[in-house]
Amino acid sequence: MATAQRFRRAARGIIGVGHLLVGGAALVFAGVMIVAGADSGAELGGVVLPLGVLLALAAGVFTYTAAMVLRPGRRDRHRPSLILSIVELVAGATLASGVIVAVQSYGDPWRSPLLPPSVLLVALGLAGLVLEVSEPMTASPTH
């Protein structure tokens with residue numbers, strides 16, 4: 001029993017670090033979009049800049065939530081980690097649909113730059129979802 005609890009704790013920590021890395025990568029991507037959209041010669045600057053700012057806000061909230069899940073001593077980690085896993089699963093499925101569209105145009109799925117992030121997001125989202133759903137719900141303390 002203690003081994004299973006240690007395994008769950010280790011798996012939860014690894015998935016939490018994965019959440020944090022996804023949030024950091026999204027912040028970097030948003031920063032690149034903001035810099036590219038703010039360039040005076042950017043043809044799509046009016047589209048890329050606002051989307052970059054919106055992505056930066058969403059990535060900031062995601063990263064903050066991931067950091068709060070990783071904090072030691074936090075009791076209610078179940079719900080935020082579950083929400084982060086669902087967001088990663090949806091983002092990975094969206095990127096996977098982009099891979100499908102790209103494969104239709106040039107035929108070779110291994111050449112798609114969307115393949116690695118979509119696989120990683122789906123894998124991390126599914127792992128977190130399975131871990132959180134299989135976790136027995138503990139009763140919250142009453143006042």
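At what angle do α1 and α3 pack, and how far apart are their axes? In this predicted model, the angle is about 50° and the axes lie 11 Å apart. That makes α1 oblique to α3, because the angle falls outside the ranges that count as roughly parallel, roughly antiparallel or roughly perpendicular. The crossing of α1 past α3 is left-handed.

Now turn to α1 and α2. Two packed helices are described by the angle between their axes and the distance between the axes. For α1 and α2, the angle is about 160°. Their axes are 7 Å apart. Angles over 145 degrees count as roughly antiparallel, so α1 and α2 are roughly antiparallel to each other. Here too the handedness is defined: α1 passes α2 in a left-handed crossing.

Next come the loops. α1 spans 2-38 and α2 spans 45-70. L44 sits in the loop between them. Is L44 buried or exposed? Its relative accessibility is 58%. Exposed means over 50%, so L44 counts as exposed. L44 also belongs to a nonpolar surface patch. The other members are V47, L51 and L54. The patch covers about 410 Å².

A second loop joins the picture. It lies between α3 (78-106) and α4 (115-134), and S112 is found there. The relative accessibility of S112 is 3%. Buried means under 20%, so S112 counts as buried. Which separation links S112 to V99? Their C-alpha atoms are 6.4 Å apart. Along the chain, S112 and V99 are 13 residues apart.

Definitions and conventions: Residues numbered from 1 in each chain as written. Predicted model: local features only at pLDDT ≥ 70, side-chain atom pairs only at ≥ 80, totals over all residues. Heavy atoms only, no water. Patch = residues over 30% accessible without salt bridge, like charges linked within 9 Å, V, L, I, M, F, W, Y side chains within 5 Å. Areas by Shrake-Rupley, 256 points an atom, 1.4 Å probe, with all protein chains shown as cover. Salt bridge = Lys/Arg side-chain N within 4 Å of Asp/Glu carboxyl O. Helix = DSSP H or I, 4+ residues; strand = E, 2+ residues; numbered from the N terminus. Buried < 20%, exposed > 50% of the residue type's maximum accessible area, 1.4 Å probe, protein only. Axes fitted to C-alpha atoms, helices over the stretch in contact; angles between N-to-C directions. Parallel < 35°, antiparallel > 145°, perpendicular 65-115°, else oblique. Left-handed = near helix turned anticlockwise from the far one by under 90°.
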